[in-house]
Amino acid sequence: MTDATDADGEPTDATDADTDDRAYVDRAIGLAEEAVDAGDTPFGALLVVDGEVVAEDRNRTRSDDDVTAHPELALARWAARELSPDERARCTMYASTEPCPMCSTAVHYAGIDRVVFGVAGATLNDLTGDVVTIPCEEVIRRAGGTTTVEGPVAEDAATAVHESFFDGA
């Protein structure tokens with residue numbers, strides 16, 4: 001165990017995995033900020049296999065004029081095409097926000113082993129009132145999946161991107 005502090009500066013006991021998870025979620029939040037800069041809504045995600053980022057994407061629903069252009073869906077599709085089943089079984093998706101039911105289903109069908117997200121869909125719904133609040137883990141379990149879902153991680157930072165975007169919208 002290593003000594004660390006949370007977003008509020010409070011001491012926590014964090015493992016290296018926790019520290020890595022936070023760093024990858026922070027990158028996903030950065031991708032969400034890039035999405036906003038490009039005129040899209042604030043969502044970003046990346047895929048990591050054996051400690052290496054193999055793919056990343058940001059939301060493109062507005063710029064592509066495609067309601068399905070979520071980064072989690074795009075990455076699940078990419079993983080299913082480009083990664084072997086063994087690689088997908090060692091793959092973690094990091095997302096700035098909990099994947100929606102559409103994206104959660106894609107994660108399940110792609111065979112991605114683990115999802116770690118920054119802010120829960122229910123929290124985003126409290127802010128926007130426009131989220132399908134079925135948790136990612138529940139969607140995957142109902143589909144018979146075994147993907148591990150963890151989060152929220154970095155909730156304050158992930159929420160701040162949404163607050164900034166939706167307060168200005």
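Biologist: Hi! Which residues touch the most other members in the largest nonpolar core?
Modeller: L47, L75, C91, M93, V107, I112 and V149 do, out of 23 residues in that core. A nonpolar core here is a set of buried Ala, Val, Leu, Ile, Met, Phe, Trp, Tyr and Cys residues joined through side-chain atoms within 4.5 Å; buried means under 20% relative accessible area, exposed over 50%, partly exposed in between (1.4 Å probe, protein chains only).
Biologist: Anything I should know about the model?
Modeller: It is predicted, so local features need pLDDT of at least 70 and side-chain atom pairs count only at pLDDT 80 or more, while totals for chains, interfaces and linings use all residues. Residues are numbered from 1 along each chain as its sequence is written, and side-chain values use heavy atoms, with hydrogens and water left out.
Biologist: Back to M93, what does it touch?
Modeller: Not counting residues up to four places away in sequence, M93 touches L46, L47, E72, L75, A76, V107, I112, R114, V115 and V116. Contact means heavy atoms within 4.5 Å.
Biologist: New topic: how many disulfides does the structure hold?
Modeller: It holds 0 disulfides, a disulfide being a pair of cysteine sulfur atoms within 2.5 Å.
Biologist: Why is there no bond at C100?
Modeller: Because the closest cysteine sulfur, in C103, is 3.7 Å from the sulfur of C100, too far for a bond.
Biologist: Is C91 buried or exposed?
Modeller: C91 is buried, at 0% relative accessibility, whereas C100 is partly exposed, with a relative accessible area of 25%.
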